[in-house]
Amino acid sequence: MFAKRQSALAAAAGLPPEDRARLGLDAVLATLKKPPVAVAAAGAFVLAAGVLFVAVLGDPRAGAPSARGALQRPVAVETAPTGADAFAMSGLDLYQDLGDPALLDPTGAAGGEALITLPDGASVAGGSAIAAPVRAPSNPLPKAPIAGLFSPGPNGPLPRIAPDGRVPAQAYARPFRSNGKPMVSLVVGGLGLNAVTTRAAIERLPAEVTLSFVPYAEGLQAWIDMARAQGHEVMIELPMEPTGYPDNDPGPYTLMSSGGADDVEAKLDWLLGRATGYFGVTNYLGDRFAASDESMGAMLGVLRQRGVAFLDDGSMRRKPGAFARASADRIIDEQQSPAAIMGQLNALEAAAKTRGAALGTGFSYPVTVEAAARWTAGLEARGLQLAPASAMTRRPGR
């Protein structure tokens, strides 16, 4: 092999040298004859010509009008979530219309959490994460109205004492039997105006928690039926004249301190006729109304004649009347943060252990519902019995 290579080199050694320029041009022409290369070269030529044209003559479309638009994906339309869906979300944007959004974040920073300390020493995180589970119905209450406990009214069925002596304050209450432990009760009100929070309170709070509904709520009877089917006893809220009225106006059927007995009775016909199935009523505001012995006495007299209980938020403790009475020992959510609400619930628990029974009230803020659900879950282990609010009522003179 080596001898043959040496012979070829020796033969070529005596030849004249080839023209290198000629060889390079021939190689280029041969390459350009290949179809892929030819196409690429043509494209490059056109592009170069266009660039040269613009550089010399300018942009031919420089004077033409132009428009630019941004493409956006269509926003999916979502249906309103149920209470279970909403309380499974990590954010609480659905509840911003219920108050100051900052109140839902006790740390004052988005996404923050606060530690809630239970009486037994356990700690749970509170804030935007809602974890209270949906509860199965517990001893559903009979569907309202119950025969004999209502009479026709100008705006709907009105409660009445049945000929056999049955009264709405007892027939529509959740049955309860004391086990001898200190009793604690809770009323959650303001229900019926916000569908998400109303459903959440019905589904996620224990059946022993009493629910209170706004009389102006649309579909009020359906909400009451749902609550009773879940096992909750219910009340209706009576709007009463507050200090600062009419700037602070509870609504068109507000019971007025200056209205007199006839005005009070006429408005009660509308308020009490909005639905049926409630064992009692409670006040919404009303410090000025409560100062009028005539108007307050007229209201309590109507409730007594109709066999309806009256539970107030603690501001009308010295006002006797109605078929049965009770006053709350504290409002649990005047400060709407998990830690503050849990502190009030713990104080309510301590009062029950001291006096044997205690009653609290709160509004249906999401943070209130969540704190109440967590607090009630451990009451039995801490030596207390959760009782419906009707169990706290007492008849005058008894």
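**Exercise 1. Get a feel for the whole chain: what percentage of its residues is buried, and how is the secondary structure made up?**

Solution. Start with burial: of the 398 residues in the protein chain, 44% are buried, taking buried as under 20% relative accessible area. Keep in mind that we're working with a predicted model. Next, go through the secondary structure, which comes to twelve helices and 13 strands. Finally, check the contacts between residues at least 6 apart in sequence: 68% of these join residues at least 24 apart.

**Exercise 2. Work out which strands line the largest pocket, and what kinds of residue they sit among.**

Solution. Step one is the volume: the largest pocket holds about 750 Å³ of space. Its lining counts 30 residues, and the ones closest to the centre are Glu 237, Asn 283, Tyr 284, Leu 285 and Phe 363.

Step two is to map the lining onto strands. At least two lining residues come from each of E5 (183–191), E7 (234–240), E8 (280–285) and E12 (357–363). E8 gives the largest share, with four residues.

Step three is chemistry: sort the lining by class and you get 13 nonpolar, twelve polar and five charged residues.

**Exercise 3. Do the same job for the second largest pocket: which elements supply its lining?**

Solution. Here the space is about 300 Å³. Sixteen residues line this pocket, and Phe 176, Glu 208, Glu 380, Gln 385 and Leu 386 are the closest to its centre. Now look for the elements: helix H12 (366–377) and strand E13 (385–386) each bring at least two lining residues. By class, the tally is nine nonpolar, four polar and three charged.

**Exercise 4. Find the residues with the most contacts inside the largest nonpolar core, then trace what Met 299 touches.**

Solution. The largest core contains 60 residues, and Phe 213, Met 299 and Phe 310 have the most contacts inside it. Pick Met 299 and skip anything up to four places away in sequence: what's left is Leu 238, Met 240, Leu 255, Val 264, Leu 268, Phe 289 and Phe 310. Apart from the largest core there's another one, of 23 residues, including Ile 146, Ala 162, Ala 324 and Ala 389.

**Exercise 5. Take helix H6 (residues 195–204): is it mostly covered or mostly open, and which residue caps its N-terminal end?**

Solution. Count first: eight of the ten residues in H6 are buried, so by the under 20% cut-off the helix is mostly covered. Then list the buried ones: Val 196, Thr 197, Thr 198, Ala 200, Ala 201, Ile 202, Glu 203 and Arg 204. Last, check the N-terminal end, where Asn 194 is the cap: one of its side-chain oxygens lies 3.0 Å from the backbone nitrogen of Val 196.

Notes
Residues are numbered from 1 along each chain as its sequence is written. This is a predicted model: local features need pLDDT of at least 70, side-chain atom pairs count only at pLDDT 80 or more; totals for chains, interfaces and linings use all residues. Side-chain values use heavy atoms; hydrogens and water are left out. On a 1 Å grid over the protein atoms alone, a cavity is a set of points where a 1.4 Å probe fits but cannot get out, and a pocket is an open set with protein on both sides within 12 Å along at least five of seven lines; lining residues have an atom within 4 Å of a point. Grid points are joined across faces, edges and corners, and a volume is the space filled by probe spheres set on the points. Ala, Val, Leu, Ile, Met, Phe, Trp, Tyr, Cys and Pro count as nonpolar, Asp, Glu, Lys and Arg as charged, and the others, Gly among them, as polar. A nonpolar core is a set of buried Ala, Val, Leu, Ile, Met, Phe, Trp, Tyr and Cys residues joined through side-chain atoms within 4.5 Å. Buried means under 20% relative accessible area, exposed over 50%, partly exposed in between (1.4 Å probe, protein chains only). Contact means heavy atoms within 4.5 Å. A polar contact is a pair of N or O atoms within 3.5 Å; within protein, one must be able to donate a hydrogen and the other to accept it, and residues adjacent in sequence count only if both atoms are side-chain atoms.
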